[in-house]
Amino acid sequence: MLTSMADAMRHPDWHERFCAKLVTAADAVARVKSGDLVRLQMGPVPVTLINALAQRRDQLHGVRVSQGATRHPQPWATAEPGWEGHVQFVTDFVSVMVRPAVQARRADFGITDYAIGSKVQEAGR
């Protein structure tokens, strides 16, 4: 196992091993199964993965996509019908971008504990 950049330079095959692990966006989202939860980070999202997952809409049922404040439109987080039963979007920040989906009951608001996160880690709690 490579533990540092110096270690990597002593093993020139690291690049080949890394490249052998790369997959297309379609292959990556092929691992998502019906009923799975897909958690996206806040802010920018991997657009190629979002688009590849959207292409699988009719193959998937009951997938939940959860994200905080999004900075990129997502096909299932709109007022556009057709996502019901396939992909449900859950957000903890209802921005202008996802508000139409929430109002159309095609997305849900999830309560988070960001505000108390640091207090939970205090000693004795």
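These legends go with four close-up views of a predicted model.

**View 1. A nonpolar patch sits on the surface, built from Trp14, Phe18 and Leu22.** Together, these three residues offer about 320 Å² of accessible area. Phenylalanine 18 is part of helix 2, which covers residues 14-21. Is phenylalanine 18 buried or exposed? Neither label quite fits: its relative accessibility is 46%, so phenylalanine 18 counts as partly exposed, given that buried means under 20% and exposed over 50%.

**View 2. Here's the open sheet, with 4 strands in the order 1-2-3-4.** The pairing is parallel. Which strands stand at the edges? Those are strand 1 (37-39) and strand 4 (107-109); each has a single partner strand, so one side of each has no neighbour in the sheet. On average, neighbouring strands of this sheet are turned by 25° against each other, direction ignored.

**View 3. Zooming in on the sheet, strand 2 and strand 3 run parallel.** Strand 2 takes in residues 63-67 and strand 3 residues 87-91, and 5 bridges join the two. To pick out one pairing, look at valine 65: its bridge partner in strand 3 is phenylalanine 89.

**View 4. Helix 4 (residues 47-55) has buried residues, and this view shows what covers them.** Ile50, Ala52, Leu53 and Ala54 are buried in this helix. What covers the buried residues of helix 4? The cover includes helix 3 (25-29), along with strand 1 and strand 2. Strand 1 also turns up in View 2, as one of the strands at the edges of the sheet, while strand 2 is joined to strand 3 in View 3.

How values were computed. Residues are numbered from 1 along each chain as its sequence is written. This is a predicted model: local features need pLDDT of at least 70, side-chain atom pairs count only at pLDDT 80 or more; totals for chains, interfaces and linings use all residues. Side-chain values use heavy atoms; hydrogens and water are left out. Patches are made of residues with over 30% relative accessible area and no salt bridge: like charges are joined within 9 Å, nonpolar side chains (Val, Leu, Ile, Met, Phe, Trp, Tyr) within 5 Å. Accessible areas come from the Shrake-Rupley method with a 1.4 Å probe; for residues, only the protein chains shown count as cover. A salt bridge is a side-chain nitrogen of Lys or Arg within 4 Å of a carboxyl oxygen of Asp or Glu. Buried means under 20% relative accessible area, exposed over 50%, partly exposed in between (1.4 Å probe, protein chains only). Two strands pair if DSSP finds at least two bridges between them. Axes are lines fitted to C-alpha atoms, for helices over the stretch in contact, and angles run from 0 to 180 degrees between N-to-C directions. Contact means heavy atoms within 4.5 Å.
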